[in-house]
Amino acid sequence: MTSEELTNQVLDLKNISTGEKEVWVTFEAIENGELERPLHPKEKVLEQALQWCKLSEPSSAYLVVKKLPAGEGGNLYSAIKSETPKSGMLKCREEPPKLLSGNKFQERYFVLRDRKLLLFKDKKSSKPEREWSVLSLKVYLGIKKKLKAPTMQ
């Protein structure tokens with residue numbers, strides 16, 4: 001079953017009718033919902049779920065069907081090419097995590113250029129430490145835990 005088929009089946013089961021401009025997507029959530037990524041409509045859901053056994057806590061992963069905010073659905077899977085490199089600081093963690101770094105995310109400098117994601121030690125570095133083909137990446141969005149409201153003392 002594909003992600004698109006699962007999304008449609010869930011919407012049918014819940015009797016949710018969608019508007020023309022509404023975009024509903026199945027997301028894979030890991031780390032108890034702290035990291036998530038939208039599954040491509042043609043991505044096989046079972047194949048992805050079977051990968052969860054490789055996680056340190058397989059029971060912390062799940063699928064969720066969500067409606068995307070207006071305006072975000074149109075360019076989620078678009079193939080718009082940009083010749084301008086994108087760069088900036090991102091928080092990342094190696095899989096599997098190194099023994100000394102634990103499960104901590106570290107802020108690192110990345111450049112997206114020529115269909116490659118380049119990892120640099122810092123902004124001033126000229127040679128990347130690592131590089132990956134964009135086609136082989138899985139990118140998760142970090143979700144901040146709910147913050148407690150400030151209290152008066």
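Student: In what order do the four strands of the open sheet stand, and is the pairing parallel or antiparallel?

Tutor: Start with the general idea. Strands of a sheet pair through backbone hydrogen bonds, either parallel or antiparallel. Now the case here, in a predicted model. The order is E4-E5-E6-E7, and the pairing is antiparallel.

Student: Which strands stand at the edges?

Tutor: Strand E4 (86-92) and strand E7 (130-133). Each has a single partner strand, so one side of each is left without a neighbour in the sheet.

Student: By how much are neighbouring strands of this sheet turned against each other?

Tutor: By 30° on average, direction ignored.

Student: How many bridges join strand E6 to E7?

Tutor: Four. Strand E6 covers residues 116-120, and the two strands run antiparallel. For one pair to look up, take leucine 117: its bridge partner in E7 is tryptophan 132.

Student: On to helix H1. Which of its residues are buried?

Tutor: Buried means under 20% relative accessible area. In H1 (residues 3-13), Ser3, Leu6, Thr7 and Leu11 meet that cut-off.

Student: Why are these buried residues on the same side of H1?

Tutor: Look at the arc around the axis. The buried residues cover only 130°, which puts them on the same side of H1. On the other side, Asp12 and Leu13 are exposed.

Student: What covers the buried residues of H1?

Tutor: The cover includes strand E1 (24-30), helix H2 (45-50) and strand E3 (62-67).

Student: Which residue with a positive phi follows H1?

Tutor: Asparagine 15. Its phi is near 55°.

Methods: Residues numbered from 1 in each chain as written. Predicted model: local features only at pLDDT ≥ 70, side-chain atom pairs only at ≥ 80, totals over all residues. Heavy atoms only, no water. Pairing = 2+ DSSP bridges. Axes fitted to C-alpha atoms, helices over the stretch in contact; angles between N-to-C directions. Buried < 20%, exposed > 50% of the residue type's maximum accessible area, 1.4 Å probe, protein only. Arc of directions from axis to C-beta. Contact = heavy atoms within 4.5 Å.
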